Amino acid sequence: MSQAGNFFEDFRVGQELRHAPPRTLTEADATLYAALYGPRFPLHCARTFARKLGLRDSPIDDWLVFHVVFGKSVPDVSLNAVANLGYAGGVFGVPVFPGDTVSARSTVIGLKENSNRKTGVVWVRTVGTNQDGSMVADYTRWVMVRKRDEKSPAPSPQTPDLPAAVPAAQLTVPEKLNLGGYDTGISGEARLWDDFAVGEKIDHADGTTIEEAEHMMATRLYHNTARVHFNQHAEKSGRFGRRIVYGGHIISIARALSFNGLANAFRIAALNAGAHVAPTFAGDTIYAWSEILEKIALPGRADAGALRVRTIAVKDRACSDFPARAGDGYDPAVVLDLDYTILMPRRH
Amino acid sequence: MSQAGNFFEDFRVGQELRHAPPRTLTEADATLYAALYGPRFPLHCARTFARKLGLRDSPIDDWLVFHVVFGKSVPDVSLNAVANLGYAGGVFGVPVFPGDTVSARSTVIGLKENSNRKTGVVWVRTVGTNQDGSMVADYTRWVMVRKRDEKSPAPSPQTPDLPAAVPAAQLTVPEKLNLGGYDTGISGEARLWDDFAVGEKIDHADGTTIEEAEHMMATRLYHNTARVHFNQHAEKSGRFGRRIVYGGHIISIARALSFNGLANAFRIAALNAGAHVAPTFAGDTIYAWSEILEKIALPGRADAGALRVRTIAVKDRACSDFPARAGDGYDPAVVLDLDYTILMPRRH
Amino acid sequence: MSQAGNFFEDFRVGQELRHAPPRTLTEADATLYAALYGPRFPLHCARTFARKLGLRDSPIDDWLVFHVVFGKSVPDVSLNAVANLGYAGGVFGVPVFPGDTVSARSTVIGLKENSNRKTGVVWVRTVGTNQDGSMVADYTRWVMVRKRDEKSPAPSPQTPDLPAAVPAAQLTVPEKLNLGGYDTGISGEARLWDDFAVGEKIDHADGTTIEEAEHMMATRLYHNTARVHFNQHAEKSGRFGRRIVYGGHIISIARALSFNGLANAFRIAALNAGAHVAPTFAGDTIYAWSEILEKIALPGRADAGALRVRTIAVKDRACSDFPARAGDGYDPAVVLDLDYTILMPRRH
């Protein structure tokens, strides 16, 4: 018997899901991630620099950690999902270093059947931990899941209270990280936390075209088994006639593109909210731009501050005019609207 | 002068072929293999789990080891091959750990010219060893090889005796591996050796579409230099008009798919027989199903047993009706018919 | 504000450019490089062999080091380049081992505006160093760069003196490397330095077809951000209607193909000259052949000699007739004409 994944009826509020198997992340994951997206943030690509700042090695890219934690949850949470609807309250904890082993578990925190009776929304809080049990990522997502049987009775609806953004007190700078020695010559970008203004918009300028081999290799690396990403034979008679790119792939492309303008954003501290506005496919070219939403001083830290950033990724059009919402919805090119918080060194 | 590979006339029974060069396998090979196929067997993806079971690290996936040993033999054995006809008597020896260096050598054990005088069958026994000389894989394959010259005299035909399956006494559980601590929560699958019945059929459910970049990267990783996999310019006027996917690529896809149903099959112990029934190409979507052929108790081990399994891989059709042989041949969708033996923990 | 790269007006002779960020190379880079190109030179793929010859580990492939140094220079030197025109005086210094961190800087050594006033040629000398400051690669390249504004005044033209080839005294054999134990059984090729003759031509026989996913992953691995390689949306209205493959990708393919005939060329010692004669695209199949230009004895070394080699790479045609120059230009299939120096063991 093979596993068919959970349907909407299989979830109940309070249910604990232990995701299998754990996954050891190595410098090879970091390298393959670099080849797939092209990020150049110096903490991740120069071990010498990571050590100069007090870390024992280059940490694994935060979004790679997130994708692995997310991927672990797919077989139990979203194998029969129709859509990944949103994120909230995501924080990144201790850095993951090459050799660390990441496990993940989820708790069902909300359920609501849709009026069509064919699907329902499931809210889960997913926590990733390293081999010592320390939290590496902790976030809530909600997802629309198919019912096994339309006639199954609906559970009593229960919707969690979710924060609009992660508060400053919950943002953490990795322990031992000392930004006193941060050298902007290493990143090639002079602008630090002090130099950004709320409302500033940054066109990340470059575009990158997605290939089937790339998004599938990435998605397998994350142990994400959602069928829509891999099976052209089935998808050719699916909603779009082709494989759908994992939404997180776009997050990572946008993060890599954002190096051009946000090169000193050395860490993702929080995922406040996010919407995969439209699907992407192989052949699409992704561009991105960002807006600074908020400048957050970190209690007790003079060397680093946080920026709440909104990054919009679009396909097949440049971003010099900052496409975003349009009318009741979005500019048709927008594929991702992500609200997250980054850390950046401060002038000293 | 470049090397053109051996033709049928170049082989003689008893000939020893030392394959060049050796190849060090690292955790990067394991990661890239994971990105190419998506296996999730916990012994290979969680170092913490491997250590809990008594190993010093996560071993390299058995089929990755097999493909490297096979690949090493290609320049000497099958560069001028028309078809890879079969396997027999394959056993896997000591596990390969990241950092180990694998060498391979082959002995010609049979030769038979075909009646068309254009080709002949060559049987070779290939042995892979690690840097200490310990055997890591040892198998026989036979292959149809072109003659350099139709008029060359035929050698006296010599066909080796080959076992139908590897006997239980030749199956080995890796030394130091103690399955007492095996935790099915880690694999996500509750069923162990005790729970399978001879004759049981398992539809592995998922399908995965092959891309040119993926099969070529995999095949290069194995040092397999067979021209049909890489050269579209030459293959466009070849038998199929396009590059042919290395048969072992399908074995690895099928193994990864088989996690859904056989997640506790922690090791490949033997390759009993196998046929690449039809060629596959980029764009094909591979599905797989398995049948339990035999349950084998292992002498002196209460913690693990062996299952002889037949896995059938097909293309561009689901496997819920278990397609296999049909009439004198195979269902036209079948591309691989593999008879192998896996190890699985027993209840205790 | 994102960075738009330097235009011709931004360069001045004597200008120093420090390229960001440094990049730690690991065994994962070596593995991914192997999967992308398929080189089988034993020093790089068998750690046991590297240690037998006195090195502490398998060094990173020389061209991978070169591409990373080159890639580091792209955002500052050639983001707005129209063409990469040539190389000269390139030497490879200390080997790079897994774990080493490579930095790069360039000096502008020549400038000359083109008569159309739209572009100019910039000569830069680029030096890559490891974390100890030791030189790993040092070469000159010149590149045609767009002007920001046609009306900008032209700088006084300054053209550097460049050597036709790197002289023997500047070629270095890695310290500690002792070729006394070199075993041609490991490479599978019996011919050593002594066996090659000036004027000998070698058809490397094999061909390999380029995929979009492969050249983009390689180019990202090198931190090369030139837009023409990644953005199909922009390039569809560009000069060729599609993404252009990084020229260094062809160098690495040609080097891997040259294993068939030059398997004992254990190191690249110098890059004398090179021209990317024509662009290549995904779907092209690359073949290569080489000519021995010069045999160079190395002062004080009886165990190794150098060969100056010209390797020509072509697309979509075999090389048995050694296509090269034709009339005033090149055979239309030629894409690369590379003049470099390799090291090879001598008989003893």
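**Exercise 1. The meeting of chains B and A**

How many residue pairs are in polar contact across the interface of chain B and chain A? Work out, too, which helix of chain B gives the largest share of the side that touches chain A.

*Solution.* Keep in mind that you are looking at a predicted model.

Step 1. Start with the polar contacts: the rule finds 14 residue pairs across the interface of chain B and chain A, both residues being at pLDDT 80 or more.

Step 2. Now turn to the helix. Helix H1 (residues 27-37) of chain B supplies eight residues, the largest share of the side of chain B that touches chain A.

Step 3. Next, take the residues on each side. Here 43 residues of chain B are in contact with 33 residues of chain A.

Step 4. Look at the charged pairs. Four salt bridges are counted between chain B and chain A. In one salt bridge, B:Glu211 pairs with A:Arg243, with 2.8 Å between the closest N and O atoms.

Step 5. Finish with the area. About 2900 Å² is buried between chain B and chain A, and carbon and sulfur atoms give 53% of it.

**Exercise 2. The meeting of chains C and B**

Which three residues of chain C supply 18% of the area that chain C buries against chain B? Describe the rest of this interface as well.

*Solution.* Step 1. Begin with the contact, which takes 43 residues from chain C and 33 residues from chain B. The area buried between these two chains is about 2900 Å², with 53% from carbon and sulfur atoms. Of what chain C buries here, C:Thr31, C:Ala35 and C:Arg40 supply 18%, more than any other three residues.

Step 2. Go on to the charged pairs. The rule finds four salt bridges between chain C and chain B. C:Glu211 forms a salt bridge with B:Arg243, the closest N and O atoms lying 2.8 Å apart.

Step 3. Then add the polar contacts: 14 residue pairs are counted between chain C and chain B. On the side of chain C that touches chain B, the largest share is eight residues from helix H1 (residues 27-37) of chain C.

**Exercise 3. Symmetry**

By what turn can chain B be laid on chain A? Explain what relation this is, and why the copies meet through different surfaces.

*Solution.* Step 1. A turn of 120° with a shift of 0.0 Å along the axis lays chain B on chain A, with an RMSD of 0.0 Å. That is the relation of a three-fold axis. In chain B, the C-alpha nearest this axis belongs to B:Ala28, at 2.7 Å.

Step 2. Try chain C on chain B: the turn is 120°, the shift along the axis 0.0 Å and the RMSD 0.0 Å. The residue of chain C that comes closest to the rotation axis is C:Ala28, its C-alpha at 2.7 Å.

Step 3. Compare the interface residues. Only 12% of those of chain B are also interface residues in chain A, so the copies meet through different surfaces.

**Exercise 4. The inside**

Which residues have the most contacts inside the largest nonpolar core? Check also whether helix H8 of chain B is mostly covered or mostly open.

*Solution.* Step 1. The largest nonpolar core has 171 residues, and A:Trp63, B:Trp63 and C:Trp63 have the most contacts inside it.

Step 2. Look around A:Trp63. Beyond its neighbours within four places in sequence, its contacts include A:Tyr33, A:Phe92, A:Ile251, A:Arg255 and A:Tyr340.

Step 3. Move to helix H8 (residues 247-257) of chain B, which is mostly covered: eleven of its eleven residues are buried. Among them are B:His249, B:Ile251 and B:Arg255.

Conventions. Residues are numbered from 1 along each chain as its sequence is written. Chains are lettered from A and ligands numbered from 1 in the order in which they are written. This is a predicted model: local features need pLDDT of at least 70, side-chain atom pairs count only at pLDDT 80 or more; totals for chains, interfaces and linings use all residues. Side-chain values use heavy atoms; hydrogens and water are left out. A nonpolar core is a set of buried Ala, Val, Leu, Ile, Met, Phe, Trp, Tyr and Cys residues joined through side-chain atoms within 4.5 Å. Buried means under 20% relative accessible area, exposed over 50%, partly exposed in between (1.4 Å probe, protein chains only). Contact means heavy atoms within 4.5 Å. Copies are superposed by least squares on the C-alpha atoms of residues with pLDDT of at least 70 in both. Buried area is the accessible area (1.4 Å probe) that two parts lose on being put together, summed over both. A salt bridge is a side-chain nitrogen of Lys or Arg within 4 Å of a carboxyl oxygen of Asp or Glu. A polar contact is a pair of N or O atoms within 3.5 Å; within protein, one must be able to donate a hydrogen and the other to accept it, and residues adjacent in sequence count only if both atoms are side-chain atoms. Helices (H or I, at least four residues) and strands (E, at least two) are DSSP runs, numbered from the N terminus.
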